[in-house]
Amino acid sequence: MLTRNEGFANLAAGYLFPEVAKRRKSYQQNHPDAKIISLGIGNTTEPITPHIAKTMSDYVQKLTTKDGYSGYGDEQGLTELRKKIADVLYKDMATEDEVFISDGAKCDIARIQTLFGRNAKIAVQDPAYPVYVDGSVIAGAAGKASSQGGYEGVTYLPCTAENGFFPDLSVIKPDTLIYFCSPNNPTGVASTREQLTELVNYALKNGCMIIYDSAYYSFIRDSSLPRTIYEIPGARKCAIEINSFSKLAGFTGIRLGWSVVPSEIKFADGTPVKQDWNRVMTTLFNGASNIAQQGGLAALDEEGIKETTGLVNYYLENANLMQKALTGNNFANAGVKVYYTGDSPYLWVYFPGWKSWDIFDKILDECNVVTTPGSGFGPAGESYLRFSCFGHRSDVEEACRRLAGFKL
Ligand SMILES: *Cc1c(COP(=O)(O)O)cnc(C)c1O
């Protein structure tokens, strides 16, 4: 018989979101009349906007004609879309040949781990989006599960209220691959220019590389905050950016993302990282959907930007309502702290004295509202819940009414 990839054996039990779904389902079975509202998984809910939708459907019609049909395209993506992303989002910071189109950011994060192999040292924010660590475990780079929780080969960077949710970098060893997400999922915090400068300088000084996940850049409203890592001098020498149309344009189901790998980034032996990434994308990937790519082009033209700004604003208004509901009840008396700055879709809420899963169950039981337990994102997320603002307005308003009346 074949031996199992030991990375899978090392994976900690259960992915967070299936467990959330399981508890929701079991609650619904026991309470068939409960009208459960989910503020849990970060899944978009609002329809694709008209201009973007029409561009894609016109393109589908073209595909039905002999002249308009096309099969495989370049694995790296349509030149026109690579150029559009470079021009619109990375003006003077990256060129079209450094932009690679994909089927999404999560898929890119998983694939990119093939570049570094099993000997890579890993550092992640704690709490963090699960695929950074779980992907590293499967790739064999995270080492064994440690008895204290977490993995032996991973340096965890606690992001807590005390440090303003920006980690102490000095614990990162030289030559480490650093996963960094801003605006952050789950804390919702967008790092400042000074903080990202500190991160880039640390990486440059210590031979580290940064995988910068900016899937939520379109939620940044504070104009002093960087929207890409390449706004920071030196980032082109040490940072790869991973990004997505999912949260920007509601493409969670359509699937479209991109990565930026600047020509300057090199491995220890002098090989440009871009050369190997091009190899990964052409060998292990076969190009993003051509329909989705037309949608991506439309999302970045003048009308598309107007539409997606409106779409993101809708979610941000939801977040505002939730912030009011969560700060307007008796929570403050119970020491509950609501962290939200208005630049992301997530509210990060601290419940002192509670385990995340216990307060998750209590809110599910008493409000019929699904949240996400902070502990599922890493040890530093214990006692927190993540509230997501993705939802129809009427559902969010109803959830807010229930939460406002909820007593601890
Ligand atoms: C949603 C999310 C993604 C996933 O993006 P896809 O393009 O849909 O794969 C990536 N990173 C973070 C932090 C996310 O929350």
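1. Two strands are said to pair if DSSP finds at least two bridges between them. That definition is needed for the strands discussed below, in a model that is predicted. Strand E9 (residues 337-339) and strand E10 are joined by three bridges and run antiparallel. Their hairpin has six residues between the strands, and in this hairpin glycine 342 takes a positive phi near 90°. Valine 338 has valine 349, in E10, as its bridge partner.

2. E10 also pairs with strand E13 (residues 384-388), in the antiparallel sense and over five bridges. Tyrosine 346 has serine 388 of E13 as its bridge partner. Valine 349, the partner of valine 338, stands opposite leucine 385 in E13. How much of strand E10 (residues 346-350) is covered? Four of its five residues are buried, so the word "mostly" is fair under a cut-off for buried of under 20% relative accessible area.

3. Taken as a whole, this is an open sheet of four strands in the order E9-E10-E13-E12, with antiparallel pairing. Which strands are at the edges? E9 and strand E12 (372-373) are the edge strands, each pairing on one side only.

4. Strand E8 (residues 257-260) is a second place to look. In a regular strand the side chains alternate between the two faces of the sheet. In E8, Gly257 and Ser259 point one way, while Trp258 and Val260 point the other way. Are these residues buried or exposed? All are buried.

5. E8 has antiparallel links to strand E2 (residues 99-102), by four bridges, and to strand E7 (residues 239-244), also by four bridges. Glycine 257 of E8 is the bridge partner of serine 102. Glycine 257 is likewise the bridge partner of serine 244. Serine 244 is named again in the next point, as Ser244 is among the residues that come nearest to the ligand.

6. The ligand has 14 residues around it, of which Asp213, Tyr216, Ser244, Ser246 and Lys247 come nearest. By type, the residues of this shell divide into six nonpolar, four polar and four charged. Three side chains can be given with distances. A nitrogen atom of the ligand lies 2.7 Å from a side-chain N or O atom of aspartate 213. For tyrosine 216, an N or O atom of the side chain is 2.5 Å from an oxygen atom of the ligand. For serine 246, an N or O atom of the side chain is 2.6 Å from an oxygen atom of the ligand. How much of the ligand does the protein cover? Of the 390 Å² of accessible area that the ligand has on its own, the protein covers 94%. Helix H5 (105-112) and helix H8 (246-249) are the elements that give two or more residues to the shell.

7. A reader may also check the cysteines. A disulfide is a covalent bond between the sulfur atoms of two cysteines. How many disulfides does a search of the whole structure find? The search finds zero. Why does cysteine 159 have no bond to the closest cysteine sulfur? That sulfur, in cysteine 181, is 10 Å from the sulfur of cysteine 159, which is too far for a bond. Cysteine 159 is buried, with a relative accessible area of 3%.

8. Cysteine 389 gives a similar reading. The closest cysteine sulfur, in cysteine 400, is 11 Å from the sulfur of cysteine 389, so it is too far for a bond. Cysteine 389 is buried, its relative accessible area being 0%.

Conventions. Residues are numbered from 1 along each chain as its sequence is written. This is a predicted model: local features need pLDDT of at least 70, side-chain atom pairs count only at pLDDT 80 or more; totals for chains, interfaces and linings use all residues. Side-chain values use heavy atoms; hydrogens and water are left out. A residue is near a molecule or strand if one of its heavy atoms lies within 4 Å of it. A polar contact is a pair of N or O atoms within 3.5 Å; within protein, one must be able to donate a hydrogen and the other to accept it, and residues adjacent in sequence count only if both atoms are side-chain atoms. Accessible areas come from the Shrake-Rupley method with a 1.4 Å probe; for residues, only the protein chains shown count as cover. Ala, Val, Leu, Ile, Met, Phe, Trp, Tyr, Cys and Pro count as nonpolar, Asp, Glu, Lys and Arg as charged, and the others, Gly among them, as polar. Buried means under 20% relative accessible area, exposed over 50%, partly exposed in between (1.4 Å probe, protein chains only). A disulfide is a pair of cysteine sulfur atoms within 2.5 Å.
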